[in-house]
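Hi everyone, thanks for making time for this. I'd like to walk you through one protein, starting from its inside and working outward. Here it is on the screen.

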Amino acid sequence: MTTEKLKEIAATYGTPSFLFDEKALKMRLRAIKEIVGDKVSLCFSIKANPFLIPAMLDVTERLEVCSPGELDICKNLGVDPDRIVYSGVNKTEDNVRDAAEYGAGIYTAESLKHVLLLNDEGRRMGKALPVLLRLNGGSQFGMSREDLFKVLEKRDGLDGIEIKGIHYFAGTQRKKLMQQQKELQMLKDLYDEIEDTFGVRLEKLEYGPGLPVPYFDTEDFNDTLAPVKELSDALKETATWCDLTVEMGRFFTSECGYYLTKVMDIKSNEGTNYCVVDGGMNHLTYLGQIMGMKIPVIHKLEAENREDIDVEINNTFGEAELCGNLEDGAADYALCGSLCTTADVIVRQIRLQDLKIGDILAFCNVGAYSVTEGIYLFLSRTMPRILLAKEDGSIVVARDFTESSVLNYQR
């Protein structure tokens with residue numbers, strides 16, 4: 001999206017706002033689909049950005065739902081339940097029943113407890129619920145190989161479920177793609193072993209490769225689809241021995257998002273220039289930003305009448321010099337948010353040219369997680385407006401500015 005369009009949107013709809021470009025999102029997903037081929041299905045992990053569910057339904061086969069609240073979102077949107085993979089580490093009897101009564105297409109079992117919950121619900125409904133056994137990849141997710149084999153050994157007595165396959169995910173932002181290739185070979189060997197041991201050939205594999213995306217100015221943005229291109233042969237080969245679904249969130253959606261925030265104040269003290277914006281770390285999070293030490297891609301958008309407040313300040317108090325002001329009008333700034341905490345530093349140091357109060361800073365690549373990961377209740381600040389740029393060029397307000405203060409006091 002052009003900087004002029006971003007400037008226009010910020011002027012029209014205000015800040016702080018998130019903007020998600022559905023046209024760019026769908027172009028990326030169609031490109032990924034072409035790379036991996038028709039035999040590989042795509043699943044969108046909606047925790048990355050629930051506001052993108054309607055758009056993602058056009059370009060992916062399935063949605064991964066990991067909580068009762070996420071299921072409620074799908075219900076409210078009228079999502080076809082058959083396209084839902086009902087997952088999550090904490091399932092209760094009520095959660096499983098709710099998903100089953102809605103008709104979720106398939107379920108993951110993260111533990112032996114989950115197997116029993118799903119089996120009991122299937123028996124209650126008089127049918128076998130389709131289940132993926134989630135294999136542990138070195139974290140709190142999934143069950144051990146030993147527990148997985150215990151379930152397969154007892155499968156004949158579990159008439160409330162039908163074991164369809166395995167779900168496997170080991171992490172995100174994994175840049176060494178040899179890891180994913182080794183995992184896919186490990187999974188093939190496991191499926192072969194299961195067939196040899198139990199006489200059953202599992203049909204499905206839901207695999208989260210955790211492919212990396214660039215966020216910061218030192219990273220390579222030349223071809224952000226390069227990881228899936230590199231892994232495509234291994235994915236296509238995997239699809240020859242199972243019904244493969246590739247599940248991702250960040251890799252699908254990060255590029256389509258912008259965070260628009262206004263410069264509210266500029267000041268200097270003891271060698272540091274501070275730029276205070278109307279957003280902050282309560283809204284904006286980048287994985288690996290390390291307390292603002294890394295610099296994301298940011299566009300500075302000049303506001304109309306941007307000189308007015310400077311003139312008033314200079315006329316009243318005299319002209320103030322920025323620390324380390326350079327000849328070309330550039331200076332180094334610490335970008336800080338609106339929270340009353342020294343932790344609210346978005347970027348420790350960035351060089352910006354001719355920055356004025358009222359300008360807009362457009363942070364790029366925030367299509368994944370920022371919209372739901374921020375500490376939104378801190379300081380009872382207004383939550384950002386959520387904007388969707390549709391394929392026809394129109395802008396839709398998906399959620400208006402929302403007051404968090406009503407959640408922070410006892411009636």
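Let's begin with the nonpolar cores. The largest one has 102 residues, and the residues with the most contacts inside it are Leu133, Leu335 and Phe363. Helix H8, which covers residues 178-198, gives this core its largest share, six residues. There is also another core that lies apart from it, with 13 residues, including Ala10, Leu19, Tyr258 and Ala389. Before I go further, please keep in mind that this is a predicted model.

Let's look at Leu335 for a moment. What does Leu335 touch, if we leave out residues up to four places away in sequence? The list is Cys275, Ile298, Val345, Ile346, Val347, Ile350, Leu352, Leu361 and Phe363. You may recognise Phe363, which was named with Leu335 among the residues with the most contacts inside the largest core.

Now let's step back to the whole protein. Its chain forms 12 helices and 19 strands. The C-alpha trace spans about 85 × 50 × 40 Å along the principal axes. Of the 411 residues, 51% are buried. And if you take contacts between residues at least 6 apart in sequence, 69% of them join residues at least 24 apart.

Next, a charged residue. Arg28 is found in helix H2, residues 22-36. Is Arg28 buried or exposed? Its relative accessible area is 6%, and the cut-off for buried is under 20%, so Arg28 counts as buried. What does its side chain reach? One partner is the backbone oxygen of Phe251, at 2.9 Å. Another is the side chain of Glu255, joined to that of Arg28 by a polar contact of 3.5 Å. Setting aside residues up to four places away in sequence, Arg28 touches Val213, Thr224, Leu225, Phe251, Phe252 and Glu255.

Let's stay with H2, and look at a helix it packs against. In general, two packed helices are described by the angle between their axes and the distance between the axes. For H2 and helix H9, residues 226-238, the angle is about 45 degrees and the axes are 8 Å apart. That angle falls outside the ranges for parallel, antiparallel and perpendicular, so H2 and H9 are oblique to each other. Where they meet, H2 brings Ile32, Ile35 and Val36, while H9 brings Val228, Lys229, Ser232, Leu235 and Lys236. Sorted by class, this contact has five nonpolar residues, one polar and two charged.

That's my tour, and I'm happy to take questions.

Key:
Residues numbered from 1 in each chain as written. Predicted model: local features only at pLDDT ≥ 70, side-chain atom pairs only at ≥ 80, totals over all residues. Heavy atoms only, no water. Helix = DSSP H or I, 4+ residues; strand = E, 2+ residues; numbered from the N terminus. Buried < 20%, exposed > 50% of the residue type's maximum accessible area, 1.4 Å probe, protein only. Polar contact = N/O pair within 3.5 Å; in protein donor to acceptor, adjacent residues only side chain to side chain. Contact = heavy atoms within 4.5 Å. Axes fitted to C-alpha atoms, helices over the stretch in contact; angles between N-to-C directions. Parallel < 35°, antiparallel > 145°, perpendicular 65-115°, else oblique. Nonpolar A, V, L, I, M, F, W, Y, C, P; charged D, E, K, R; others polar. Core = buried A, V, L, I, M, F, W, Y, C linked by side-chain atoms within 4.5 Å.
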